[in-house]
Amino acid sequence: MSGVDEVVGAGDERAHEGVLRIFPPEEGVGRIVLVRHGEAECNRNRIVGGRTGCTGLTDLGRQQVAALADRLYESGELRRATALYSSVLPRAVETAERLRPVVGPGPTALGPVRQRCDLCELHPGEADGMEWNDVVEKFGVPDWDNDPTVPIATGGESWSEFVVRASGAVHEVVRQHPGELVAAVVHAGVIEATMIAFLGVSPEIYRRGWVRIVHASMTEWEWVPSEDRFILLRFNDSCGVPRRREGGSASGVAEEGAGQGLRSAGQPGVLDRLTQRLFGDRP
């Protein structure tokens, strides 16, 4: 392996399409893999993580993304992707940049990550950057079970507005890439919004928090253009990604990442080797 491109391009590029079928899909069917970002500082510190409050990933979050990157390198399951998107929030952008070398046919083949604000988590308005306890004290807790049209804070979105905006953004991305596989690094709320909108969950059920989506997990949808509907192919796929134990400290990791063996002898993992040319000494 003399070069980064040779490493990424190794193997059968059709070996890991990710879906076993009896009949081939119709023409124009597209797929999108939604990746939740790794654990973020705002998650850990209970800060509202809008553009002001988000400061990127924790060390564990970077370990989670590295483990996912090792898996994607080994499986090649996103090697045929034609585009990589992310929200504009630092935790999503950092995750996408760290995954970029293993998404697509080569580490620079897809070009820069395509950032979209409409793929962001719920817009928090004046709550951005505040501790959640202070948000509750100042703005109260919106009763979204009974009225999802109430904004989270002054200048922020309501839950119903967010579901329409986030699911619509994912739908638009897929429509822009007919017949292709694309990936997008987004947020738990965005993935939950697609579950609500694409599965037709009734308003009586779709209150916030009805599914739990873990960091650095993958959820995959297939869009059938002739029927204008989505089919759920996988949800919350986090195989091999280390997780923090509930209520645990920073060292309370429940399991090792899938690529841990590659680093057990003190050598860099796949992601470290692939990104060396792209990032240099960046953390």
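The following paragraphs describe the secondary structure, the sheet, the nonpolar cores and one surface patch of a predicted model.

The chain contains 9 helices and 6 strands, and of its 283 residues 53% are buried. Among the contacts with a separation of 6 or more, 72% are accounted for by residues 24 or more positions apart. The accessible surface of the chain was computed as about 13400 Å², and carbon and sulfur atoms hold 49% of this area.

The sheet is open and consists of 6 strands in the order E3-E2-E4-E1-E5-E6, with mixed pairing. Its edges are formed by strand E3 (114–115) and strand E6 (229–237), each of which has a single partner strand, so that one side of each is left without a neighbour in the sheet. In general, the strands of a sheet pair through backbone hydrogen bonds, in either a parallel or an antiparallel manner. E2 and E3 run parallel and are joined by 2 bridges, and serine 86 stands opposite glutamine 115 of E3.

The largest nonpolar core comprises 37 residues, of which Ile32, Leu34, Trp159, Phe162, Val170, Val186 and Trp221 touch the most other members. At least two residues of this core are supplied by each of strand E1 (30–36), strand E2 (83–86), helix H6 (159–175), strand E4 (181–186), H7 and E5, with H6 providing the largest share, namely 8 residues. Valine 170, one of the residues that touch the most other members of the core, is in contact with Ile32, Leu34, Leu119, Val190, Thr194 and Phe198 when residues up to four places away in sequence are not counted. Apart from this core lies another, of 24 residues, which includes Leu57, Tyr73, Leu78 and Val241.

At the surface, Leu199, Leu232 and Phe235 make a nonpolar patch of about 220 Å². Leucine 199 is placed in the loop between helix H7 (188–198) and strand E5 (218–224), and both of these flanking elements, H7 and E5, are among those that each supply at least two residues of the largest core. Leucine 199 itself has a relative accessible area of 44% and is therefore classed as partly exposed, since this class lies between the limits of under 20% for buried and over 50% for exposed residues. The value of 44% also meets the requirement of over 30% relative accessible area that applies to the residues of a patch.

Conventions. Residues numbered from 1 in each chain as written. Predicted model: local features only at pLDDT ≥ 70, side-chain atom pairs only at ≥ 80, totals over all residues. Heavy atoms only, no water. Patch = residues over 30% accessible without salt bridge, like charges linked within 9 Å, V, L, I, M, F, W, Y side chains within 5 Å. Areas by Shrake-Rupley, 256 points an atom, 1.4 Å probe, with all protein chains shown as cover. Salt bridge = Lys/Arg side-chain N within 4 Å of Asp/Glu carboxyl O. Helix = DSSP H or I, 4+ residues; strand = E, 2+ residues; numbered from the N terminus. Buried < 20%, exposed > 50% of the residue type's maximum accessible area, 1.4 Å probe, protein only. Contact = heavy atoms within 4.5 Å. Core = buried A, V, L, I, M, F, W, Y, C linked by side-chain atoms within 4.5 Å. Pairing = 2+ DSSP bridges.
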